[in-house]
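Visitor: Please choose one part of this molecule and take me through it closely. I would then like to see how that part sits within the whole.

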Amino acid sequence: MLLIGSHVGYNSKDQVLYSLNEALSYGASTFMFYTGAPQNTRRSPIDKSKVAEAISLMESKGLDYSKVVVHAPYIINLASPDMDKRSFAISFLKQELVRCSDLKISNIVLHPGSHTGAGVEEGLNNIISGLNEVLTDEVGPTILLETMAGKGTELGVNIDQIKEIISNINNKARIGICLDTCHLNDAGYDVSNFDAILDEIDSKIGLSYVKCIHINDSKNAISSHKDRHANIGFGTIGFDNLINIIYNERLKDIPKILETPYVDREYPPYKYEIDMIKNKKFDPNVIEKIKNN
Ligand code: FE
Ligand code: FE
Ligand code: ZN
């Protein structure tokens, strides 16, 4: 089955059940959610009965809960040269892993961090020591390092940096990779030849580390380092290239997650984008349809 979904909302009352129901309304077979607002670190306790309900609802539809992913809030920065910020990131991430365990979530996506002027080497070292401090338990959720666009002083902007981090992680069973098509494009990778990217990851790190992929078109040209997502088929990557990535046999078992923008900041595009992806057919009038829904 095609593992396609989007990022969805979360609320403190129905929690992951709320997220699941939003995903199902889009015709998704999987989804990604934040355990609170993506911009802040306010979090409410996990209600395990909602988790059980979500799992059985998915099972009843033949869907696999173990493929659902969480995204850590993007304000936590393991690479920060500021010790206070770094220790906050570490302690928040530890709590977030406990929340993922309570949610029975296996994979959590993390932006590696930004060095904010301290330099690539120091930034990467901070990420490595932070992750090693967080990943002390033998078993638990896996942290997926997202490949970044290279905006500002972001790290994890190429396969060599991801390799540098992963090769220094003590607990390799709990570290992985989340690709992002917009970020790869903006970082300078030619996503129209995705097999070449997968080959490079496989030879340098191992393809089995890739456990999620974010599917976004890009508003900007290759190597722009901008990180502005576009709706599927309306950016510089284009519909056909994205379809080839989504249906690449080597990525068959990993969840594909849309993080495309709401149309006019108001209308979620995911039901329509998922439809086009399932039909492998681009609808040039889709934006109008999303607005008139
Ligand atoms: Fe992300
Ligand atoms: Fe992403
Ligand atoms: Zn992005």
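Guide: In sequence, the residues that donate to the zinc ion (ligand 3) follow the spacing H-x43-D-x1-H. The model is a predicted one, and the description below should be read accordingly. The three residues behind this pattern are His183, which coordinates the zinc ion (ligand 3) through NE2, Asp227, which does so through OD, and His229, again through NE2. Their distances to the metal run from 1.9 to 2.3 Å. Histidine 183 belongs to helix α6 (residues 181–187), whereas aspartate 227 is in the loop between β8 (217–218) and β9 (229–230), so this pair ties together parts that are 44 residues apart in sequence. Both histidine 183 and aspartate 227 are buried.

The zinc ion (ligand 3) has a metal neighbour: the iron ion (ligand 1) is 5.4 Å away from it. That iron ion (ligand 1) takes its protein donors from His71 (NE2), His111 (NE2) and Glu146 (OE), at 2.1 to 2.3 Å. Here the spacing in sequence reads H-x39-H-x34-E. Histidine 111 sits in the loop between β4 (107–110) and α4 (120–134), and glutamate 146 in strand β5 (residues 142–146); the two are 35 residues apart, and the pair links distant parts of the chain. Glutamate 146 also has a second role in the geometry, since this residue bridges the iron ion (ligand 1) and the iron ion (ligand 2), with 3.3 Å between the two ions. Its relative accessibility is 1%; the limit for a buried residue is under 20%, and glutamate 146 therefore counts as buried.

Helix α6 deserves a further look through another of its residues. Leucine 184 lies in this helix. With a relative accessible area of 3%, leucine 184 is buried. Apart from neighbours within four places in sequence, leucine 184 is in contact with Thr147, Leu179, Tyr189, Val191 and Phe194. Its C-alpha atom is 8.0 Å from that of asparagine 158, a residue 26 positions away in sequence.

The loop between β8 and β9, which supplies aspartate 227, also holds serine 223. Serine 223 is not a glycine, yet its phi is positive, at about 70°. Its relative accessible area is 39%, so serine 223 is partly exposed, in contrast to the buried aspartate 227.

Attention may now turn to the C-terminal end of the chain. In helix α9 (residues 270–279), the buried residues are Tyr270, Tyr272, Glu273, Ile274, Met276 and Ile277. Among the elements that cover them are β1 (4–8), α8 (239–246), β10 (256–258) and α10 (286–292). Lysine 280 comes after α9 and lies in the loop between α9 and α10. Its phi is near 50°, another positive value in a residue other than glycine. Asparagine 293 is in the segment after α10. At 69% relative accessibility, asparagine 293 counts as exposed, because the limit for that class is over 50%. Between its C-alpha atom and that of asparagine 248 there are 31 Å, and in sequence the two are 45 residues apart.

These parts belong to a protein with ten helices and ten strands. Its radius of gyration is 18 Å, while a compact globule of 293 residues would have a value near 19 Å, so the two agree. Along the principal axes, the C-alpha atoms fill a box of roughly 50 × 45 × 35 Å. Of the 293 residues, 54% count as buried. Among contacts with a separation of 6 or more, 75% are made by residues 24 or more positions apart. The accessible surface amounts to about 12,500 Å², and carbon and sulfur atoms account for 48% of this area. As for charge, there are 31 positive and 38 negative side chains, and the centres of the two sets are 4 Å apart.

To return to the part chosen at the outset, the zinc ion (ligand 3) is held by His183, Asp227 and His229, and the iron ion (ligand 1) is 5.4 Å from it.

Conventions: Residues numbered from 1 in each chain as written. Chains lettered and ligands numbered in written order. Predicted model: local features only at pLDDT ≥ 70, side-chain atom pairs only at ≥ 80, totals over all residues. Heavy atoms only, no water. Donors = N, O, S within 2.8 Å, 3.2 Å for Na, K, Ca; no water. Helix = DSSP H or I, 4+ residues; strand = E, 2+ residues; numbered from the N terminus. Buried < 20%, exposed > 50% of the residue type's maximum accessible area, 1.4 Å probe, protein only. Contact = heavy atoms within 4.5 Å. Rg over C-alpha atoms; globule rule 2.2 N^0.38 Å. Areas by Shrake-Rupley, 256 points an atom, 1.4 Å probe, with all protein chains shown as cover. Lys, Arg positive; Asp, Glu negative; His and termini not counted. Charge placed at Lys NZ, Arg CZ, Asp CG, Glu CD.
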